[in-house]
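Reader: I have a structure open and would like to learn how to read it. Please take me through it one feature at a time.

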Amino acid sequence: MQSNCRIAVDVGGTFTDVVLESGDRHFAAKVLTTYADPVEAVMEGLEQVMSLAGRPPGDAEIILHGTTLATNALIQRTGAVTALIATDGHRDAVEMAYENRFEQYDIDIDRPQPLTPRKLRFVVTERMNARGEVLVPLDESSVEALVPALVHGGVTSVAVGLLHAYANPVHEQRIAEILGERVPGMSVTLASEVCPEIREFERLSTACANAYVKPLMSGYLHRFASELEARGFNCPFLLMTSGGGLTDVATAARFPIRLVESGPAGGAILASRIAAERNLDRVFSFDMGGTTAKICLIDDRAPQLSRAFEVDRSYRFKKGSGLPVRIPVIEMVEIGAGGGSIALVDRLGRIRVGPESAGSEPGPACYGRGGRNATVTDADAVMGRFEERRFGGGAMTLDVPAARAAVDERVASMLDMDSMTAAFGIGEVVDENMAAAARSHAAEWGKPLAERVLVAYGGAAPQHAAQIASKLGLDEVIVPVSAGVGSAIGMLAAPVAYEVVRSRYMRLSEFDAAVIEDVNADMRAEAQDVVGSATSEPLVETRRAYMRYVGQGYEIAVTLPEATNRVEILRDAFEAAYRQLYGRIIPGLDVEVMSWTLALASGAPAFRFPGTDKDVEDALVSQQGPMYDPVRNAVVTAPRFTRETLSPGTVIDGPALIVEAQTTTVVTSTFTATIAPGGDIIMKRAEG
Amino acid sequence: MKGKTGLDAIRTQLAWNRLLAIVEEQAQTIMRTAFSTVVREAGDLSAGVFGTDGSMLAQAVTGTPGHVNAMASSVGNFLARHPLATLRPGDVLLTNDPWLATGHLNDFTVVTPVFREDHPVALFASTSHIADVGGRGFGPDANQVFEEGINIPIGHLFRGGELNQTLMDIVRANVRDPVVAEGDLYSLTASNAMGGEQLLKMMADFEIDSIDAVGERIVAASEQAMRKEIGALPNGTYRHEMDVDGYDEPVHIACALTVEDDTIGVDFDGTSGPSRYGINVPLTYTEAYASFGVRCVVGNDVPNNAGSLRAVRVTAPEGCILNARRPAAVSARHALGQMLPDVILGCLEQILPNAVPAEGASCIWNPVLLSSSLAGAGDNTGGGDFVTNPIFNGGTGARPGKDGLSTTAFPSGVRTTPTEVNEVTAPILIWRKEYLADSGGPGELRGGLGQVIEIAHARGAPFEVSKMFDRIQHPARGRRGGGSGRAGRVYIKHGKELKGKGKETVPAGTTLVLETPGGGGMGDPISRDPAAVRADLESGLVSEAAAKESYGYGGAD
């Protein structure tokens, strides 16, 4: 019997990764992303893995795809000329936002520019109230009157976002009909469909973002699908969403905003699968690349989910400096520090790292391409955390003297330190930033950090993971095999899933089981529609209510039990969730529900972690080299191992380096590394 | 021993970073757990850690600069009343006294000493705005602080870990929403406890049994950086004056900013005397907004702590409206306090002309909308009781090289609540909320725009509006030839003008209109880039008439 043949494609900003799972083996290709038409690189990568595996296109059972194209279009502002149609009197909500400055002490900040400029924000005469009752009927002539301006303005995509349309979408739907008749071919996004949730700024911002990328993404996805067909791939083609589930092309083309964070989501799914494989209840997923790092908490083998995300945080990755979108996302904290982040000394004599990055050209000084800035990678090079000749898979030779010169010039000389101490300082500042972000993230969600296992992937994570684990008091670190294509591998492990939201306000003092049933049925039908077309497997239903005490500003997500036919069930579920977050409840205060969500998901697919596909040679120390040990604050001589040559069961005491093509794992002196049967590196901290 | 001292420097920096992270986490805990909406949504709170000598080592950057050094000095007041030696583990102190804490009764400050093996090692303090503290309710109409609500002198909220039930009962008995008040006091207590735990963990990680040495270095480095920056400014005294609306009569604010070597002195001699209404400002709050004004431009990247705050001294003559004496009414002290940075910036413009924005709307517009069957303006038409306090903003002043920000809070950092949420939580309809064309002060760089807001009762019932607005008679002035922003307005649609301060009734079936003020412009409007004028015109931010009149713009060129 022919073994399975599943393929994942992750189109990133720089590289397109393609992974083919055939039997218990994985075949991977990494090609440069082709900006003009990203499909080209994908097809090249597909060809490579098919020929590596020796399988014809007809063998492919499924193709899974994640992409940063939507995100890039939003950040680089290369989407469609987009108009907004709003309720008369409210067209500026999308720009006024929260009317605040995200940075208190900088009078020079710019507020995020909306995707729909004011001259393309039009109004129609209509008004709903919060209960969805029509206060002013839609004046259809006010819609007709917009047609010339849309045409003359070169508008190719329209977002319709009316006040309280989450409660009653008929006016938005009628506007879509009129536009369909009068401007055929116009791409139309209804806010009440993409995000039927109270809070006009966030909802309209989401609708505008969806409208902005819709023509581009829908063109790309359909081209992709037809190219696959032309090449003989007759299998289903599914898209990875930011919420960690897979969805079909039709849905992705309608709601492309749901694809924005699909790459990082793949990574979090990978970490979740590792948690499931190894039976770990509490995992700390740590992804550190060239410019940023991402942290995600994984409890009970599932990543933490949320509905709030901000695209393009343009001011030092600061909250509030980007555009909010309300979609199902895997909750992650993003830190503006990666391997390429630049270190400098501020006026107070403090070392600062990031968020400015040296990028890939010229890159860190140690790349030897003329970079003069001292980056995190340079500090790692000075501390002996790389094997010079195998750097970047042997593609380039690491220029350690250049790294040292940069660290000397930009940091050490300013602080009257030697270069090793300065490099240590840079590393410590980065690691401390990561640890602080992790603590804050955990505190924000009321989740403990202790006793988590840290899963490290992405090019820069394995160098820093042990030290960050020490700072957080974590005892175990896992560096999975193929950490460099972690996102694509994660996609292979993702379920088919779709989440729907509805805002239907309800106070528990006015509990009405029939309303809940009605909302559920409505959401279930919509989710079934999407998921049913992509899978025939049995589905698991998850429902949440977004609840708060009356008068509070923020809702909390409350996972609901199957039956919600009695008010006590909702109150108990709310109080349990509230207690977990805040430690106490408030007796006697009424509770209100702002929104409801329902998700349908298939079980996770059968998925095998790759085995080591090389013949095991002797686990030889290839090199000895000087390495700065942050625990002892001293330079020590450490052995360097080549990861591919390490057989399962090998035990390596720190300090040591384990080198592979895409990254290097630093085993500090308090850790002992063991190679697990599948090839994962498991580092455990010694007692005391 | 280059390596050794280098390592010490790095360890100090890491400890500093950790302290900053701890107070941010402390603030986040309050944001999450507070009951008052203004704390949770708007960020009206503060959090900080203090050394055993009462000097502030780190403070979270939150939504309000109004607590900047108000909190720093309040901990000194706590320690004067209860010296550290008299405190035990489990003790938690509390006050909301406007003169001892942060300027009005709504702000409750909680201070908690942290002990390591029975030795005090630090104190954590936190403040948040509790929506109701009894009295007349939040607003400027009182004549004495006694009318404004309950006043808790500095005392124990917890003693040795045990709640002072009598005190809690007194608080609960004197406020309209005891659940919220109690919840917020627990929220502050819990945030300090969380900070204390994190500090002890940090001390264990760093293997230190005191943070005094680290504290001294933090304070010294910050003070040095601040003084170095001030030292680069030319010595001299720079004066600036500004008139604002006041409650029933204009208030004159006079300011002299003196640079003397590495120190800045700010003095408000010549400022108006006290008001009969609740817009008086205790000195502690004057200090906060005055030093924030300085810090926006001088040393804005130096963290707030005892060292950086020490380099700026703020004084005001005893008894003037900016150094109000008991028992002056102070509830709406923000209306005047938020105006102070504009005055300070007017002084600094004389030495740093390219770093200072024009005047802005500055004071937030936060009407209290209410209907109460017990109050005079009773609702006899079935509208039901409600109270809600939305926040709206005007424009900021034009900035060197950039237009002002439209409808954006400055100097306050609060966030607004969405129209849809305002309409769910109270029986009101906000029919219009959009930019007000031509409200930005003309200039080569344009002031930010204000907005127009139209609010009606959802069922046409009458309701009351309590106002604390400014810049209705005294618009934000431009700089260097830039024009003033448009003045604010409050009126009944198709009806009469309302006053900027105090409580009035919006009659049945009518609509309340607020026009928030625009920011001042900078530079001669005639020199504005025609492309920028055209863009404003196309966007409807500037009308055709104004483009022609203010900017001399003749259409396509």
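**Reading the model, feature by feature**

Author: A:Ser3 is exposed, because 12 other C-beta atoms lie within 10 Å, and 12 or fewer is the cut-off for that label. This is a predicted model. A:Ser3 sits in the segment before β1 (5-11) of chain A.

Reader: What is A:Ser3 in contact with, leaving aside its neighbours within four places in sequence?

Author: A:Ser22 and A:Gly23. The C-alpha atoms of A:Ser3 and A:Asp59 are separated by 9.3 Å, with their positions 56 residues apart along the chain.

Reader: Is A:Ala442 buried or exposed?

Author: A:Ala442 counts as buried, because 20 C-beta neighbours lie inside 10 Å and the label starts at 20. A:Ala442 belongs to helix α13 of chain A. Its contacts, apart from neighbours within four places in sequence, are A:Leu297, A:Lys447, A:Pro448 and A:Leu449. Between the C-alpha atoms of A:Ala442 and A:Val94 there are 31 Å, and the two are 348 residues apart along the chain.

Reader: Now the chains as wholes. Into which domains is chain A divided?

Author: The assignment for chain A gives domain 1 (75-217), domain 2 (265-491), domain 3 (497-602) and domain 4 (621-685). The C-alpha centres of domain 3 of chain A and domain 4 of chain A are 47 Å apart. Chain B is divided into domain 1 (2-136 + 145-222) and domain 2 (357-557). Their C-alpha centres are separated by 36 Å, and the contact between them takes 7 residues from domain 1 of chain B and 7 residues from domain 2 of chain B. On the domain 1 side, the residues are 2 nonpolar, 3 polar and 2 charged.

Reader: How many residues does each chain give to the contact between chain A and chain B?

Author: The size of an interface is often given as the accessible area lost when the parts come together. Here the description is by residues: 58 from chain A and 60 from chain B. On the chain A side, the elements that give two or more residues are α3 (93-96), α8 (200-230), α13 (419-444) and α17 (567-582). The largest share of that side, 10 residues, comes from α13(A). By class, the chain A side has 23 nonpolar, 16 polar and 19 charged residues.

Reader: How do I read a helix that has a buried side?

Author: An α-helix has 3.6 residues a turn, so residues three or four places apart point the same way. Take helix α16 (residues 513-532) of chain A: its 20 residues reach 27 Å from first C-alpha to last, close to the 28 Å expected at 1.5 Å a residue. Its buried residues are A:Ile516, A:Val519, A:Met523, A:Ala527, A:Val530 and A:Val531. Seen down the axis of α16(A), these fall within an arc of 90°, so they line one face of the helix.

Reader: What do the buried residues of α16(A) pack against?

Author: They pack against β12 (246-248), α9 (249-254), β25 (497-502), β27 (539-549) and β29 (591-602) of chain A. The face turned away from the buried side carries the exposed residues A:Ala514, A:Glu517, A:Ala521 and A:Ala525.

Reader: Which residues have the most contacts inside the largest nonpolar core?

Author: A:Ile426 and B:Ile344, in a core of 383 residues. The element that gives the most to this core is α8(A), with 14 residues. Another core, of 11 residues, lies apart from it, and B:Tyr435, B:Leu436, B:Leu449 and B:Leu541 are among its members.

Reader: Last, what about unusual backbone geometry?

Author: Most residues other than glycine have a negative phi, and most peptide bonds are trans. A:Gly654 and A:Pro655 are joined by a cis peptide bond, with omega about 0°; A:Pro655 lies in the loop between β32 (651-653) and β33 (656-659) of chain A. The bond from B:Phe410 to B:Pro411 is also cis, with omega near 5°.

Reader: Is B:Thr407 buried or exposed?

Author: B:Thr407 is buried, with 29 other C-beta atoms within 10 Å. Its phi is positive, about 35°, although it is not a glycine. A:Arg77 is not a glycine either and has a positive phi of about 55°, but A:Arg77 is exposed, with 10 other C-beta atoms within 10 Å.

Conventions. Residues numbered from 1 in each chain as written. Chains lettered and ligands numbered in written order. Predicted model: local features only at pLDDT ≥ 70, side-chain atom pairs only at ≥ 80, totals over all residues. Domains from an automatic or database assignment. Contact = placed C-beta atoms within 7 Å. Nonpolar A, V, L, I, M, F, W, Y, C, P; charged D, E, K, R; others polar. Helix = DSSP H or I, 4+ residues; strand = E, 2+ residues; numbered from the N terminus. Core = buried A, V, L, I, M, F, W, Y, C linked by C-beta atoms within 7 Å. Expected span 1.5 Å × (residues − 1). Arc of directions from axis to C-beta.
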